[in-house]
Every structure is written in structure tokens, then in C-alpha cells.
Amino acid sequence: MSNPKIIWSKIDEAPALATYSLFPVVKNFLKEANVDVEQSDISVAGRVLATFGYAEDELSKLGELVLKPEANVIKLPNISASIPQLKECIAELQEKGYDLPDFPEDPQTEEEKAIRAKYATCLGSAVNPVLRQGNSDRRSAVAVKKFAQKNPHRLRDFAPDCKSYVAFMNDGDFYANEQSVITDKEDTWTIELNGKELTKFDVEKKELISASFMSAKALREFLAQTIKDAEEKGILWSIHLKATMMKVSDPIIFGHAVEVFFKDVFEKYADEFEKLGVNPDLGIGDLLKKIEKSDKKEEIEQAIKDTILAGKPDIAMVDSDNLITNLHASNDIIIDASMPPVIRDGGKMWNKDGKTQEVVAVIPDRTFATLYDEILEDVKKNGQFDVTKVGHVSNVGLMAKKAEEYGSHPYTFKVAEDGKMEVKNSAGEAVMSFDVQKGDIWRAWRAKDLPIRDWVRLAVERATLTGDPIVFWLDENRPHDANLIKYVKEYLAEHNTEGLTIEIMAPREAMAYTLKRFREGKNTITVTGNAIRDYLTDLFPILELGTSAKMMSIVPLLAGGGLFETGAGGSAPKHVEQFLKEGHLRWDSLGEFLAIAESLRMIANKTGDAKVAEMVKAVDAANEAYLDNNKAPSRKAGEPDNKASHYYYARYWAEALANSEDKELAEKFAPIAKELAENEDKIIEEMLAVEGTPADAGGYYLFDEEKVSKAMRPSETFNAIIDKI
């Protein structure tokens, strides 16, 4: 038989940089247990190059692999590219000699439409729906939780009279207009606007199909009101969306926010913006690039600056020093990364003066906004959480086979004219019908029977193993959730649930229930759809552990394999910025370390291989030692960073193997462990020698392999020890 194989994803930004240092360690250690490790390029640049025939289509290959029982994939966080990011990537690749067409923002010809369609496959959550052929099991390892309690990070207190709040629509949003059906047979359905077919799709029997729309008029009125309220209350205004994953709907919402906040600018320069092809959906950052060609450039720049500085109201900043607001680019304000810091930092965000200030967090659609509203109000009322005492919140998420919200891109439309949006079956009967106006945002989404059944099974399995209650975050007053509750009740009956606590609650009530237990030091398993999964598995880890990168994310694939995800990449751009400026990478690879353990554990459980089982024990021991000895990267240049953390990880791993019950492994790694320990001072000195000086990666989206390898492996002593294994 061939050796078991682990596929390690080659991705973007900070985790990609870290891989240059960590991958040689992993590959060389695991070959001694007859486990092969190979990289697969699913980065934004890799996907673009594959789309236009310049590289192998690694994503498609992985998509085929995850449908097989032997699949074992370690997936690091990748960029879910927004249009501005994709355009930056294309420009960089063009500069490097690749003959790629420009991204057509407003395609007119058939050729431009075809190019746009090709690039669309690289946007947003292009990777996750392909690879996530199973439901999600996200939790922290016991050692990680204990370390966080022993070494609590800081959560800032809320002022007694805190004015911060979450604002959401009460009418005209997706929640208000939702319809949902469960199919009774296989069929081909169409989505039509006033009888004109927009798309068609095949449905399975017993599939859950839902649809809704957001009124553009109601949205703009709501946004204007929140801006007025923020000014009156003297607090910051901020918008929180998911424009990378929800790559069709949320950029449009973002564009409305840009236009409404900068209303005077857009009205005054309407003709100029039309001439330049300004698209508010792409943010102020793209607008500033477009006006480079305008003879009114300085005048428009000043108008934008004046609007920001006027403080009517103040707007939350991404970069206070450079007056970059959270309307600069849609990928700067990803809700699951932007809302947890509001809770962590006492209900505040950064203002134009580089200081924190209370804020109205604008989350237009109330479908999920209420969960953030509940936690913000809870902390205002009950005080900040005690990290040393809180319980653990884990998650079982429904996401297999493009389930739920993040699989909705092909069925999302900006309504082109007033009339009726309809979902019709093959007999031409309207299954769902909506009265819409031009500019409204309409979308449909799906969840198949098999993934739902598996989701319920996984939830019961986790409850049985842990004894913790499971809470299905489902709102009986929401048509989609009401139908999903029918599945849940049916499939719970297939399992032995005696003695288990199982609750079904709407998001607000579920959050209140979870927070009460959280404060009491009790654990709760949240069982959610795909969007809430994303939100909660950043929110609670940031409060509990200081970062979501320390969470294990295990996806038991439906075909029998495993996908092991390694944490969030939300701070990755800032990490890269510091690396390029100071040669210091503060990315913590703990998520990768945890994924390695789970990946190997699956191999050991499947094969019964004693050598792999010993490797699992050693990795577990290394992970515990890494935490106990606090070897996470420092945030400051001149102190040990990600590279040094990999040295300590390798050393602890080798020391554990030197004491292995497997004689062959012990004999192999005893001298390695000894050499690593004896050369500690020299290795760290060699690594620190490059700190504080700029690093050259040879690009941002497409690294220069030789340059980055040199920058991330600066210790010849460490390299020599690892490379000779």
C-alpha cells in the first residue's frame, strides 16, 4: 500500500509565509512515520493563474479528493477575495509577466462578460464550498482552554453609561421577506424576473430551498437614520457585513452605505463619477484610484476628507493615521472579525484621532444582527467576562454541500426592474413569488437532506461524548428555520438522546442561554447554520482564548475523509505588513499544530498503525509543551516571532519522540532533540539577527519562493538539523 498522504494547502498572506518555515519541519518529521505531506496551491493568485491556463487547477483536484474516503486535507485560512483584492492580484500578476485581461467592472461585450464570469470563480468563498463536503466541528483543545485561563488576555470594561448599540432594520430586510419550501421530488427549477429566466438549477427530493430580498429603498432610509442617530448621540458610525463570503449581496449593501454616508460628495460629483466609472460597491479606496485620471482629483479628495473630519458623525477607522475608514474597502469590515473586538474593547472602535470611542454597529439584516445585539446588551448590563472563569462555547455547523447562506452566490441578483421575482418548478408553477423594485437585492439559498441529517447526527455525537447541552439556533418565526426545525425533529428521533439536553431557540434567545452558562463556567455546544457558525467561532474564541486561530476546526467529510482547518485569517494582512516592514511575523501557528494532531489521529484510527499512533502522542505532547512554555510569537520586532515558535515546536516534538515507545522513532529523534536543545541560543540568535529590517517577499499575492524561503528560514543551524532528518 502507498503511504497515507496529507495535503497541506498553499494559501495567502501570513499563514502562507509561516508555511515556508513550518512545512519542512512537518514533512521531515512525518516521513519517519511513513506519512507523506504535499502542498496544493489554492491561493488567490493560484486560482487566477489556473483559471487562465497558467497553472494546474489544484482547487478542482482537491474538490475531487474530498469526495473520497482517503481525503486528509489541512486547510489554512485563505483570502476570500473581494473585487478590489482580485484587481490588485491581477495587476501584480500582470506586472510579473502573465498575460491576463483586466477585470471588467461593467462588462458590455460578450467577451467582457466571459472574462468577468471567469474571474467570478475566484471571488468570495470560492474555496470553502468546494472543500467543505462535510459539516463543521469547531472547539478548543483542553490544553488551549486551560492555558487561556491561566494566562488571561485583557477584556476592557464597559462604561456604566455606555451608549454603544447594534442597529438593524425592522422592515424591508431579508428577515421580513423570507419564504421557504421543502421539495417533494427531483426537478429542475428556474428563477425568473417578470417571466424572464435568470438561472435554472436542479433540485433533489426533500431539499430545503429558501429565498428573500432586501428593499434598497428601506435600506437607504435605515442607513440615513443610523447616521443621524450616531451624530446626535456623539458616537462613531460603523458598518459590519460579510462582503467577501456573501460576494454578491453584501458588496451591494456596502455600496449603499458608501453612497449614503458620502451623500453630498456623490451628489456633487455625480457626472464626474459616472464618466470615471466609479462603483460605490468597491468602496472609497477604489474611488480614490479612479479619480487619479480626473482633473478634479484634489477637489474630490478634499471633499471626502472634509466629510470624514466633519464628524457628522465620526466614522470608525481601519487606519486612523491615514484616515482610512471602514468604508474604504468591503474586505476591511468582515463582521466576524470586526464585531468581536467591539465586545472585547468595551463597546468601542477606533476614531480619526487614533482613540477608541463608543459606536453604533450597523448590521442591516436582523436575521443574525440580534445575536450581536444580545451579547452587547448583556455585557453592558452584567459587565465584562472573566476569562479565568468562563465556560467553553463550541459549534457544530451545517455547511456540507454548499449548505445555507454561503452557497447562495449563483442565486443572488440585483433586481433589474420593478415587478415579480419568482421561483418556478418545471411545470411553470410559482413555488415562491416576491414583489420587488429595481435595485432590490434578491437571493435564494439551499440545504440538502443528507447534510442536514449528518449535522443532527454530529450534534448528538458531540453531546453524547461531552455531556454538554446542544442548542439549535433556529427561529420558528423565520420560514427557513421553521422548515429546518422539521428536519431536526425528524432526525433527532433516529438517535438515542436519553439524558441529553437539547434545545431549539431563536438566535437572540440562544445567545442569552449560552451567555448565562458561559458566565457560570459551563460549556455549551451551539448547533447552527453556516453564517452563525462563522460568527460564533470567531466571537467566542476571541473572548475565551484571545484569538480564533487557536480553535480546532474539524470537518468530518461525508465520504469518510477529513478536512482540518486552522483558524481565522482576519489579522493576516496586518501581520504581512509588519513582516515586510520589520522582518517580524507574529502569526501564531498553533492552529496548524492542532490540525496536524487531528489529521494524524484520523490516520491512526483508520489504519491502526502503531508508528502513527506514537507520532500523534508526540504531537499532542509538543502542543502542550508549546503552550505551557508560552512560546507563541511576540508581537514586537526584535523578540522571537513565528520562526522561533517553529523551532520550539520542532524541539518539543523531537523530545517527545525521543521518549517514544517506538524504538525506531526514539533512536532516530533522540540525537535530533539533543542537537536542537544544545543549539537553542545559536538558533534564536540567528533568527533574531534578521529582526527589525525589511523583508522582501517579492510580491503580496504571488511570493518569490526563494526570497520568502530565505526570509522565513534565516537560521542555517536550525535548517541543517531539520533538513538532514
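**Exercise 1.** How many residues does helix α17 have, and what distance does it reach from its first C-alpha to its last?

*Solution.* Keep in mind that we are working with a predicted model. Start with the boundaries: α17 covers residues 449–466, which gives 18 residues. Next, take the span: the helix reaches 26 Å, close to the 26 Å expected at 1.5 Å a residue. Then look at what follows: Gly-467 comes after α17 and has a positive phi, near 80°. Finally, check burial, with under 20% relative accessible area as the cut-off. Buried residues of α17 include Ile-452, Trp-455, Val-456 and Leu-458, and also Asp-449, Asp-454 and Arg-462.

**Exercise 2.** Work out which strands stand at the edges of the sheet containing β6, β9, β19 and β16.

*Solution.* Write down the order first: the open sheet runs β6-β9-β19-β16, with antiparallel pairing. Now look for strands with a single partner: these are β6 (179–182) and β16 (412–414), so each has one side without a neighbour in the sheet. From one strand to the next, the twist averages 10°. To inspect one pairing, follow β16 and β19 (residues 441–447), which are joined antiparallel over 3 bridges. Here Phe-413 stands opposite Trp-442 of β19. To finish, add helix α18 (residues 479–492), which lies across β6, β9 and β19 and runs at about 25° to β6.

**Exercise 3.** Find the residues with the most contacts inside the largest nonpolar core.

*Solution.* The core has 93 residues, and the ones to pick out are Phe-29, Leu-600 and Trp-653. Helix α1 (residues 13–30) gives the most to this core, with 11 residues. Now zoom in on Phe-29: among the residues it touches are Met-615, Trp-653, Leu-657, Phe-669 and Ile-725.

Terms used. Residues numbered from 1 in each chain as written. Predicted model: local features only at pLDDT ≥ 70, side-chain atom pairs only at ≥ 80, totals over all residues. Heavy atoms only, no water. Helix = DSSP H or I, 4+ residues; strand = E, 2+ residues; numbered from the N terminus. Expected span 1.5 Å × (residues − 1). Buried < 20%, exposed > 50% of the residue type's maximum accessible area, 1.4 Å probe, protein only. Pairing = 2+ DSSP bridges. Axes fitted to C-alpha atoms, helices over the stretch in contact; angles between N-to-C directions. Contact = heavy atoms within 4.5 Å. Core = buried A, V, L, I, M, F, W, Y, C linked by side-chain atoms within 4.5 Å. Lists of a residue's contacts leave out its neighbours within four places in sequence.
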